[in-house]
Amino acid sequence: MENIINRLIHGDTEGIQQATAELTESFKNPEAIPALCQVTVSSQNPQFRQYAAILLRKRLAKAKNWILVPQDMRNNVKSGMLNALVNEKEHMVKTAIAQFIGILVKHEFPTNTWPELLQFIQELCASEAENNRELGMFTISVMIDMAPAQYITHINALCQLCSSQLESICPESSVNILFYALVTLTKLIPVLEGHDAANAAYKNMLPACLQALRFLAERDPAKCIVAMEFLDDLAESAPAIIVPHMQFVVELSLQFASNQQLQSELRVKATSIIGWLVRIKRKSLIKNQLIGPIVEVLFKLMSSPSVDDSDEDYFVDDADNANPLTCATQTMDSLALHLPPEKLLPHILNHVQPALQGDNPYYRRGAFLCLAVISEGCAEAIRAKYLPNMLRCIGQGVTDTNAVVRNAALFALGQFSEYLQPDISQYASDILPILFEFLSQLCATLPNNSEPPSIDKMFYALEVFCEHLEDSLIPYLDTFMERLFVALDFKNSAHLRELSLSAIAAAANAAKEAMLPYFPRIVEGLKVYLTMKPEDETSISLQAQAIDTFGALARTIGKDNFMPFASESLQHGLTLIEENNDPNLRRSVFGLFAALSTVMNGQIGPALPKIVELMTESIKSSEGIVHYYGEGEKVTNLLTDESLDKALSYISSPKSWSVENDYIDEKEQACLALKEIAEFAGEVFNPYLEGCFEEIFKLTNYPQEDIRKAALCALGQFCISISFILTPEFNTAKEKVLSVLIPKCSEIIRTDEEKGVVIEAVETFDQILDKCHPEMKFADVHRDAIFNCILDVFTGKLVCQDADDRNDDSSVEDQAEQDEMLIEYAGDVLPKLGKHMKSDDFLIIFMRILPHILSRTKKSCSLSQRSFAIGLISECMAPLQQYVANIAPQLLPLLLQFSKDPKEDVRNNAIFGVGEMMLHGKELLYPHYPEVLSTPSSAVSQKTHAGTLDNICGALARMISTNMNGVPLEQVMPVFVQYLPLRHDFEENLAVYRCLQTLFTAKHPNAIEQVGAILKASAETIHRKQWSNDETMELVINVTRALKQEYPEQYQAVLPYLDVELSDLVKQL
């Protein structure tokens, strides 16, 4: 047996295969188990002893193999292993033996056939000798890890045992005993649920546990790092235990985090625990007034010097690479995402304002990092109160002479550009000159082949800001492109050229067809990168970015402009992916295929067999998976030989696994590309829909959240595409996808811990309800499932929501902006669901959820909450149809009240809602016309916001369309036409032109009097393309054409008052 083990450990592939075969054969002999036991207890080689114990554990892990061992031999194994545990000196061997004992517990405890084990441990733990107590606690900690569920019946006794070891900590206390006690308590956390006595014991023990952690931090920080998992797991799985001691847990974590004498890993662990507590128990933190102390420590960490000032990372994807600064930045981001802005911003500003005025560059860097990370979670509050001042500070920061400060300010500008749209675009004239000056200085230094340390942050800010400017970038495009072409010179570094290509893609996304003058030059430059043979990681990254940029141009430059390049690009992409096996390159080519589908549509069909095959391979692939086997060891999936895998399977199973980032990105892009191809390729993709649905559906349980989101996004589109296949054989497929997708989305919404994934699942509901073929039938069970999910979101019952908020409408005002975003997504689904229901059935569910909507209309609620609630009520009028009369007594006064709100978003939504209520309530609401008409008259007289005037026009249009006799048109019509064309809310043009069509069909004299003004307004509407869909476009053109033909005199009279462009446009109709 030692010979076999030696060859398994040290042999080559052939030797391992031969040893594996011999091992498999030897297990047929009953003496194999005693032989392995003999090696475990007597071999002179500790590696052999450890390996033998592992083989025993793997062989006897299944109960059927243990039962085959004769009873007397089983007794000998059990007693022999206990003796071996006492006698073994090597820690790794002792661990392997204890793990084997833990496996035997799985088989012996249910039948109570090993009482000697508990007696053995109790004697050790009660011993006066410290080494015996240490062995007892060590054994428990390892055994429990093998099968925690087996200890449920003993959990109270185990808690008592650990408590006794933690009771009286003194300078002479054993580090190891305290450590193993904490590890044991950590391993039991997953089985605490439902055990009241054990939960109470944990609550009572927690102060002693905190004292033990302090002791370990002083005596053995490495062990303290591991023991901190106790708090980490409690926060994740049993936060109620922490709540009574929240102040002490936070104080300990902050002490560790701020102590520069401690190891970085321990400080990171302590900071991350704060992040967990913020996510799950924010109310307890607020109640205990802990936000201020937390912000103070996090700010100090974010303001601490870094190892390399020239290339600082503020966020890291891999927790193993985190340091106190990056962890503090991520934790501050978590505070912004999970706390109400009014509870957080005052504390942050108390540190940011003095730091920006001070001389310490690291404090100024910390201030800008704070501004950067709160921009997502506190977006609404920043827009409402702080944006101009904060931008002014950031503008000063990006010109700071210190690179550390400048980089942080540029990062803040990029984050603001990402999360504070469209408001920040108003400051383009202030911001772009600063960024272009950076670019100019960069171009000036390029002959020296030097890159400033802030180049990455500068391009990040420039790219994100420009990408969101859309048409507003066009006036700056010449300057921007001129500098980018200089940076793209082949004399410059590959890194700079890659950044410049990415910036060109951003410019294309913003300016679209306005990029056409630069298109030939860009294409010529890109051809070099697209055809080169990449030799290293740098050139692969550069080529991948070139492909990404080419794809961005395909989407934005205009279909006709790109079409001449489409077929060649498609073929080149297929060649690239055949010749290269790099995941980053495959990702970029998948994105190119998706972009080409938007240009080629069905013409991409001949290439689909190969494209779908390649993307499906990526979706199925396990490339890049890294298995973790414990003790920090990781093994990548490079061993594919079957017999070698078989040998490894005897040795160990992975404790956990992860996927390298490039492979995650590739898999994500494969999902998104197939989604886009399904959307734009049309019928030619139909044969692949079911197969792609089945493969991507498997990714909805993938551990990486971006993959789950991409999978849901693709599945929603596949469902939509299948709904438009009207052949009988696809009827079953339609039922199948709904019966699979809706329950899966419901499960994800309720159980997924990541808000982003939950929002994607909610959005999937929204998309299939909104975009599936009108004849797609949703069964009652599907509609019920969707509504129940919406209701669960509103009542805070999801795993990703704060447990403190469940069924508590009084907590609405204290919700974080990100929590409210999820509720807004769920609210958007409600009216779309209503369109698939009978109006009386929708009334029932609407009345069930209405109290939760109304709870967001209080004065104490935020602007976005009130705007959302009124908007949602308004959108629900259409599916309620005539049943709006049932709710008018309750809701019409509310809408009329909010139509006078000082905030235009609330006011506009309320006025829209009034119009919708009158439109769908028809004659049942005629008595309310005088009351309702007084509201827009009052608003118009105040000359309010353009959007408000547009919504007033829309509301009047609906009322006139429904009951023109109820509106005094001789007074209303001149004012109504005066405010045409609409200036802001162009969706209202549908209601306006339906109304005009109704009036002219009835040949109403008050309308005919206004033909000239209406023709002028409609000409401007057509010229500016002020519509949101094809239906409105056709309606506006048809009304204009009809007026021109039926009222030629008025048409001729108005022509001289139109400019040449408008006049020519109307003549051509």
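Which helices are among those that cover the buried residues of α27? To answer that, let us walk through this predicted model from the outside in, and come to α27 once the setting is clear.

Start with the overall form. The chain holds 55 helices and three strands, and its C-alpha atoms fill a box of roughly 115 × 75 × 65 Å along the principal axes. A compact globule of 1069 residues would have a radius of gyration near 31 Å, and the value for this chain, 34 Å, agrees with that. Buried residues account for 55% of the chain. If you take contacts between residues at least 6 apart in sequence, 74% of them join residues at least 24 apart.

Next, the domains. The chain is divided into domain 1 (1–113), domain 2 (253–420) and domain 3 (945–1068). Between the C-alpha centres of domain 1 and domain 2 there are 52 Å. For residues 19–87, an unreviewed UniProt entry lists "domain: Importin N-terminal". That span is 80% helix and 0% strand, and its end C-alpha atoms lie 29 Å apart.

Now look inside. The largest nonpolar core has 377 residues, and those touching the most other members are Tyr202, Met515, Phe685, Phe718, Leu830 and Phe976. Helix α12 (residues 196–219) gives this core its largest share, 12 residues. Phe976 is a good place to zoom in: leaving aside residues up to four places away in sequence, Phe976 touches Cys953, Leu956, Ala957, Val992, Cys995 and Leu996.

With that in view, we can return to helix α27, which spans residues 477–487. Its buried residues are Leu477, Phe480, Met481, Leu484, Phe485 and Ala487. These residues lie on the same side of α27 because they cover an arc of only 155 degrees around the axis. The general geometry helps here: an α-helix has 3.6 residues a turn, so residues three or four places apart point the same way. On the face of α27 turned away from the buried side, you will find the exposed residues Asp478 and Glu482. And here is the reply to our opening question: the cover over the buried residues of α27 includes α25, α26 (455–467), α28 (494–511) and α29 (519–531).

The loops between helices deserve a visit too. α25 (428–445) brings us to one of them, since the loop between α24 (403–419) and α25 contains Pro422. The peptide bond from Gln421 to Pro422 is cis, with omega near 0 degrees. Further along the chain, the bond from Leu980 to Pro981 is also a cis peptide bond, again with omega near 0 degrees. Pro981 sits in the loop between α49 (969–978) and α50 (989–1001).

Two other loop residues are worth checking for their backbone angles. Asn112 is not a glycine, yet has a positive phi of about 55 degrees; its place is in the loop between α7 (91–108) and α8 (115–126). Is Asn112 buried or exposed? Its relative accessibility is 61%, so Asn112 counts as exposed. Lys1025, likewise not a glycine, also has a positive phi of about 55 degrees. You will find Lys1025 in the loop between α52 (1011–1024) and α53 (1030–1046), and at 61% relative accessibility Lys1025 counts as exposed.

Notes:
Residues numbered from 1 in each chain as written. Predicted model: local features only at pLDDT ≥ 70, side-chain atom pairs only at ≥ 80, totals over all residues. Heavy atoms only, no water. Domains from an automatic or database assignment. Helix = DSSP H or I, 4+ residues; strand = E, 2+ residues; numbered from the N terminus. Buried < 20%, exposed > 50% of the residue type's maximum accessible area, 1.4 Å probe, protein only. UniProt positions renumbered as here; feature names shortened; annotations may be inferred. Arc of directions from axis to C-beta. Contact = heavy atoms within 4.5 Å. Core = buried A, V, L, I, M, F, W, Y, C linked by side-chain atoms within 4.5 Å. Rg over C-alpha atoms; globule rule 2.2 N^0.38 Å.
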